[in-house]
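Q: I have a structure open and do not know how to read its features. Can we go through them one at a time?

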Amino acid sequence: MTGSLRAHITSLSVAGTLLMSSQGYAAAPVKKDEKPDPKAPPAAKSLNSTQSVEGADAEYLTVQGHSFNTMHDSTGLSRMPQDVMHTPQNINVVPQALMQQQNVKSLDEALRNVPGVTTSIGEGAGGMNGDQFLIRGFQAQNDIYEDGLRDFGVYSRDAFNFETVSVIKGPSSEVFGNGTTGGAINMVTKTPGLKSHYNAEFSGGSGSYYRGTLDVNQKINDSTAFRITGMGDEHNIVGRDNLYSHRWGIAPSLAFGIGKRTTLVLQYMHQQENSVPDFGVPVVTKPGAAYGQPITEYGIRRNNWYGTDNDQNATNANMETARFSFKLNKHITFYDDLRGGEYYRTFAASKATCDTTCVNNYFSGDPSKALVARSGPVGAGAGTGAGTYMAPLPYQQTSWSVQNVGSMVADFHTGFLRHQVVAGFDIERVNDVRSQSTYLKPKPYANLVNPNPHVGNLDLVPGDMNPGGLVSLGSLGAKSHSNGYGFDTGLFLFDQIWFTNWLSLKGGFRWDRWQTSYNMTGGNVAKNPDQHFHDVSGVFNPNASLVLTPDSHQTYYFTWANSTTPMGMYVTNGSVPIRPGTNSFASPEKAQLYELGAKYSILHDRLGVTASLFRLDKGNALNADPVTGEITGSSDRQRNQGLELSVGGIILPGWNVSATYALYDSSTTSSATKANRGKNVQYVPHNQATLWSAYNAFAGKPYNVTFGGGLTWREHVWLDAANKFRAPANLDFSAMISHRFNQHWKVSMNGYNLANRLNYQSLFSNRATPSAGRMFLGEISASY
């Protein structure tokens, strides 16, 4: 090895030591006297990757990567083989280092670093809750993936087994299949590596917060390793009364053939939770006001919770995964990913309805007489009745799913043209069985100012024992049982062709055959006959991109993409996944994306910068009924267009930064409801931004300290298509400080919502859930 090369490697190693938040990755080995192929596709950075080459003449270069610059990160999907920089789509990555600094504990917390992602909550006869996200204002509850395979479960995902979290913006049906109107969320999980390590963390703080996690990776031999992660979490919600969450999880995995031509990774994940659902506070219009706001904006305590001691959310999620890859030769690699999932859920919740009488009594009468109903489509009125019985109703849900994705990535030349072809199949089936229960006793009205959750036993019985208490879903009637399935067969093919080293064209398509069936039975069959629906449809989604890469540090692209969401997609996370009528099967939701973007990796790959301009048009927008939860199609056309910027990486040794900004211009371009035309799309803010920065001072010294902080900001959003209700702007300040005793032990403290501002995290068309108040969380961790 030459002296200059040795010196260069030494300087890189020293720089990597100074950057305490950096993570190393192995570069491809370079043989003596061998020049790299300038036409070779760019390699994605891979955490915990090991590459080897046979022969005594091989030399190895170890390059220090910077974990906050995600430009060279893998997307985590075999169907998207390029790294983030060379994928012609806007991709926001939340890296492991950022999640550690912020002490991220859930998927919801991780996604607060991504602009354009909003948390929503569902309801109705099915009472949906759990992780329900919108991307760029469009539903994404069916677009959550783990290692590229769909996670159909309806539960709140803990972050204990996450390596990174990515949001792939815009329609991606050619990769993921049906759905992905606003984008897709992909969680990359922790898998075994060849370096043994043992990590444990314990946190405690505000809101009776107690949390412990464990991460053990054990090398078995030179190509086999075992890893297990675990979590136990118990906490209340600061600033919200009577709410708690208890959950635990475990995720063992075993990897064979690490660094070899053939690899197999076996994984299992179990997460169990017992918590109380929070459906927030009602949105009301003050007399004389131009629009409605959450009642907490008018003097009602943020702590007020309008549920009852009968409410519960018990979930049990299980997933078994096998991921196989085989490198046939230097040109062709095969992948096959298989997953089974089993999900169990028992759910009961309450929602507050403050009607006109309630509003008038609070603002201009006697606030003590302001009463809210905790269920049903109507309010308490003057409170003359005993209470209400209706939606959301308790239910029990059992779901299972199987998905298998097989793909091939081929790199080859035809004459002077270089190709990268990705082709494969995707087969998935998801089944859902649900049984409604009812209460024999009504839910008592709650006082708007002083709600009392202690209502006693409401006599819960199966729906068939009390048909009159079931919710009528319009023409579908009131039914106590439902079951259904969705079965999808997809074929995909796309090719990226390099005309020169810097100019390429990527195009392809995916065809899906979507088959769905849905049955509603039970209840008063004489009055409401059983219902059976079945449909088969084929959808075709093409895409095309023009990509310019002047050098390895910059990429420019223009992308056009298409997506389709047929009725029946929401098998597990919609109370009525399909509905008969003119807008059911004949008119699926369709979306088209036009995006112009640029990506840079600068300052010797320490800093990544992205910018994108996009227009997203959606037709036949799917809507959820605010009372029943029915998912129905409409003739509405919606548009969201705007600018998204991001920067992440290392500014100076020890100083990292992650920042994003989004400017959105949304509107309903066409609607059968004339008054809605030209109005803003629900849940889409005009401006949104995030910032996080931390500095590691006196690295390597006994008195070292890392301190940092940041903010998330979201402008107000409209909650309904008519723009009559809105949630105020969110502004959240957070900070952290940590000290490392040695290379093994560390203590840290995180503060959240330091201004104790009244923010709103989960949103729906007529309610909003206040976010947690000011809280502090201390942590001690050990790593060997």
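Q: How many disulfides does the structure hold?

A: This is a predicted model, and the structure holds 1 disulfide.

Q: Which residues does the disulfide join?

A: The bond runs between Cys-354 and Cys-358, with 2.1 Å from S to S. The rotation about the S-S bond is -95 degrees, and the link of Cys-354 and Cys-358 is left-handed.

Q: Are Cys-354 and Cys-358 buried or exposed?

A: Cys-354 and Cys-358 are both buried.

Q: Next, charged side chains. How many salt bridges does a search of the whole structure find?

A: The general idea is that side chains of opposite charge can pair when their charged atoms come close. Here the search of the whole structure finds 24 salt bridges.

Q: With which residue does Asp-131 form a salt bridge?

A: The partner of Asp-131 is Arg-157, and their closest N and O atoms are 3.2 Å apart. Asp-131 sits in the loop between strand 6 (117-120) and strand 7 (133-135), while Arg-157 sits in the loop between strand 10 (149-150) and strand 11 (162-169), so the salt bridge ties together parts 26 residues apart in sequence.

Q: Why does Asp-131 count as buried?

A: The cut-off for buried is under 20% relative accessible area. Asp-131 counts as buried because its relative accessibility is 7%. Arg-157, with a relative accessible area of 2%, is buried as well.

Q: Which side chain meets Asp-233 in a salt bridge?

A: Arg-211 does, at 2.8 Å from N to O. This pair links distant parts of the chain, 22 residues apart: Asp-233 is in strand 15 (residues 224-236) and Arg-211 in strand 14 (residues 209-221). Asp-233 has a relative accessible area of 4% and is therefore buried. Arg-211, at 5% relative accessibility, counts as buried too.

Q: What does the side chain of Asp-488 meet in a salt bridge?

A: The side chain of Arg-510, at 3.6 Å from N to O. Asp-488 belongs to strand 27 (residues 481-498) and Arg-510 to strand 28 (residues 503-521), so this salt bridge ties together parts that are 22 residues apart in sequence. Asp-488 and Arg-510 are both buried. Salt bridges can also share partners: Arg-136, Lys-169, Glu-595 and Glu-644 are joined in this way into one network.

Q: Now the strands. In what order do the strands of the open sheet of 5 strands lie?

A: In general, strands of a sheet pair through backbone hydrogen bonds, either parallel or antiparallel. In this sheet the order is 5-11-12-9-10, and the pairing is mixed. Strand 5 (91-94) and strand 10 are at the edges with a single partner strand each, so one side of each has no neighbour in the sheet.

Q: How many bridges join strand 5 to strand 11?

A: There are 4 bridges, and strand 5 and strand 11 run antiparallel. Val-94 stands opposite Val-165 of strand 11.

Q: How do strand 14 and strand 15 pair, parallel or antiparallel?

A: Strand 14 and strand 15 are antiparallel, over 11 bridges. A hairpin through 2 residues joins strand 14 to strand 15, and Lys-219 stands opposite Ala-225 in strand 15. Strand 15 also pairs with strand 16 (residues 244-256), in the antiparallel sense over 13 bridges. There, Arg-227 stands opposite Ser-253 in strand 16.

Q: How many residues has the largest nonpolar core?

A: It has 25 residues, and Leu-107, Leu-111, Val-165 and Ile-185 have the most contacts inside it. Elements that each supply at least two residues of this core include helix 2 (96-102), strand 11 and strand 12 (183-189). Leaving aside residues up to four places away in sequence, Ile-185 touches several residues, among them Leu-107, Leu-111, Phe-133 and Val-165. A second, separate core has 18 residues, including Leu-77, Met-85, Ile-168 and Val-422.

Q: Finally, what is the mean pLDDT of the protein chain?

A: The mean is 86, and 86% of the residues reach 70 or more.

Q: Where does pLDDT stay under 50?

A: Over residues 1-65, for which the model has 88 contacts beyond four places in sequence. The pLDDT is also below 50 over residues 580-586, a stretch with 14 contacts beyond near neighbours in sequence. Where pLDDT is low, the predicted coordinates should not be read in detail.

How values were computed:
Residues are numbered from 1 along each chain as its sequence is written. This is a predicted model: local features need pLDDT of at least 70, side-chain atom pairs count only at pLDDT 80 or more; totals for chains, interfaces and linings use all residues. Side-chain values use heavy atoms; hydrogens and water are left out. A disulfide is a pair of cysteine sulfur atoms within 2.5 Å. Buried means under 20% relative accessible area, exposed over 50%, partly exposed in between (1.4 Å probe, protein chains only). A salt bridge is a side-chain nitrogen of Lys or Arg within 4 Å of a carboxyl oxygen of Asp or Glu. Two strands pair if DSSP finds at least two bridges between them. A nonpolar core is a set of buried Ala, Val, Leu, Ile, Met, Phe, Trp, Tyr and Cys residues joined through side-chain atoms within 4.5 Å. Contact means heavy atoms within 4.5 Å. pLDDT is the predictor's confidence in each residue, from 0 to 100.
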